[in-house]
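Me: I would like to go through some labels used for this model and the reasons behind them. Please set each value against its cut-off.

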Amino acid sequence: MSGDGGEVAIDLVRLVHGDANPQGPGFIVEDVPSVARQTAVVAEQETAAGSCLLADRVFSADTTRLSAELLVWPTTPGAGREQGLFSLVDRHGEQVLALALSPEGCPCLCLADGTVLAAADRPLAQSRWYRLTVEFVPHALRLSVLPLQPYAGEDAEAHAYSGAAVDLSSVSGVVIAALRCPSDGTRYCPGSVFNGKVERPVLRSGPDVLAEWAFERDFSSQTTADVSGRGAHALLVNMPTRAMTGHNWTGEVHDATDAPEQYGAIHFHEDDLLDAGWPEAARITLPEDLPTGIYAVRLRGITGDGEETDHIPVVVPPPADRPRARIAYLVPTFTYLAYANERLLHRLDYESAGILDHPVNPSVHDTTLADHPEFGSSLYDHHSDGSGICYSSALRPILNLRPDYRMWLQNAPRGLSADLYIEHWFTQSTFEHDVISDHDLHADPEHALDGYQVLITGGHPEYYSGRMLDALQRHLDSGGCLMYLGGNGFYWVTSQDPRRPHVLEVRRSAGIRTWEIQPGEQRHSTTGEQGGLWRWRGRSPNKLVGIGMCSQGWDEKAPAFARTPLSYEPEWAWVFDGIDDELIGDFGLIMNGASGDELDRCDLGLGSPPNTAVLATSQRHSDYYQLAVEDVLMLSPGLGGSECKDVRSDMVVVEQPAGGAVFSVGSVCFTGSLPWNGCQNNVSRLVRNVLDNFQSRDSKQAPTHRADGPADAEHHTAERHPG
């Protein structure tokens, strides 16, 4: 936690409803009296962003003659600040002598006090490869800059010299891609970080190789191997991007595992962040008998403006030794982490671009996030050098993962805050349910769903791993049911880092995207799997749930679903029992209707099963909705919602061979219609009808207990312990 040095009250609450919209039930939490309230004095914390490589104890005390060589590919060479490339550091990680880029982008040799001993007279060009060589001898320094991709007018090789005497007796280690990397005892703090790729650093003493770091080995590791035989293996700080093409990439291979020698680069960024490294201020023990649900660690502090409250969410699965319910609410925590600290508001002008028909209205969480760039960004954002962010870590403050968050795009809940509509709906029903998370499912795909007859998704389960998809398919194949109450689901190939389960990786290509991975770099470094859309790997959402992503848009009025003639057939009367309306969901707390934001449609050509029953389809959307780019072969007029018949949400049921079924709605904002009018509406009734039918099917039997699984908490704030 970070504060102003004052006292903070800490307790646990159960989250029921997050949206304070007066048309709904309001913000609702329930105290948990079995967890004692604590207080803590919380000081302001600093967050050290930026990645680098650190190798300590590389040198002996009598080392006097050194040379270093490395390949670099700068992305912001003239950034107006110093950027460390290769720094000799003392045992505290502080700079002694460094090869750096000057604020203008010229390679130079400099001391810790900023004294420049030698400098090339020409800046490096952006996104081009260079070989830099430095020789350190007692009374001379020599810098060589060799362009590996020279352009017209660029010197074949540049040199700079200095006759200064430099004392290297205090040198202990090496920092690559930063000037320094001291530790404060809890985390490393890189300084003057380089933006760009580095490849194959080599350090020599005369003819002897002291260290040679091979970045093409073990891409999933956060250490790099020293292949010199001296064991000077190095630590990667703050998870720079691995499995990157090097200077010798030919374009003939697109898989780092097929030709690792062509993937010898690491891309460092000044804004990489793996772990904020804040010290623990308090610990909450979750009782073993705590009922399953969505909880939050509530923080309340007194400020000059009164009491300030924050909620850090925790998904608590059912206790391991208790019988399971028939119904499980599968909370899309992978998607929450993919969107963690999303900053598109500050990069793209949605209003001027005509993407919205209403003003953008940032929430207090968005405003706070803008004041803290050091908290890192989402998988939708760019690094400061323009490259896409492909890793997202949970070990940092995540300001848009809050029960009261209202997204600027719709001025309405999205993510967790929207998924609480479902949790509130359960409190107004007679259905017993368990709550599990994506992280629970990925951790134990073989058993996490055992015994559940019905799974209910949140409104936006966009990010899925292969083992999670396999688990859902096994659930259906064994007679289970699935209610997909959202849109844009099961879309991006998503990897959880096996060594660091708090990290997700996504590499974007094709599909609707805010950045695109560079050629040859589509393989995930954490798992080695092919990134991009699941659709391009033969696993379209249509095959699993009958519908798949087809459009997105944001305007003031999301339309309702109109029932199809098929819905009036006796076979489907159970779905619409007690509903006489032709339109379903002409209301809602998100965009004023049930079909909006991101949409999915039934498409047999994309894998929707032939027996998919389309029971309702959305009314015409506005032209703020456009056909998804993966469905567009040639650009032409008529791709907007007012003309294109493929821009729509389809509400479908797909009966499964083993006796289960899938119900899908194809709209991210569908859940916002559930609490309307105190949950007395046709959307709520329809969901109740389907759930009642699905849970009554007896194709799966509940076991007496479940396997142990972790609770999810931002920063690991809460843990389950006996007592």
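Reply: The model is a predicted one, and the questions below take its labels in turn.

Me: Why is Cys189 said to be in no disulfide?

Reply: A disulfide needs two cysteine sulfur atoms within 2.5 Å. The nearest cysteine sulfur to that of Cys189 belongs to Cys181 and is 7.4 Å away, so the pair does not meet the cut-off. Cys602 is in no disulfide either: the nearest cysteine sulfur, that of Cys550, is 11 Å away. The structure holds 0 disulfides.

Me: What makes Cys189 partly exposed and Cys602 buried?

Reply: Buried means under 20% relative accessible area, and exposed means over 50%. Cys189 has 22%, so it is called partly exposed. Cys602 has 13%, so it is called buried.

Me: Why is Gly546 called buried?

Reply: Its relative accessible area is 1%, and the label therefore follows from the limit of 20%. Gly546 lies in the loop between helix 6 (541-545) and strand 34 (548-553). Not counting residues up to four places away in sequence, Gly546 touches several residues, among them Arg601, Cys602, Asp603 and Val654.

Me: How do you know that strand 32 and strand 33 pair?

Reply: Pairing requires at least two bridges. Strand 32 and strand 33 (residues 503-505) have 2 bridges, in the antiparallel sense, so they count as paired. Ser495 has Glu505 in strand 33 as its bridge partner.

Me: What makes strand 32 an edge strand?

Reply: The open sheet has the order 24-33-32. Strand 24 (391-393) and strand 32 (495-496) each pair on one side only, and they are the edge strands.

Terms used:
Residues are numbered from 1 along each chain as its sequence is written. This is a predicted model: local features need pLDDT of at least 70, side-chain atom pairs count only at pLDDT 80 or more; totals for chains, interfaces and linings use all residues. Side-chain values use heavy atoms; hydrogens and water are left out. Helices (H or I, at least four residues) and strands (E, at least two) are DSSP runs, numbered from the N terminus. Buried means under 20% relative accessible area, exposed over 50%, partly exposed in between (1.4 Å probe, protein chains only). Contact means heavy atoms within 4.5 Å.
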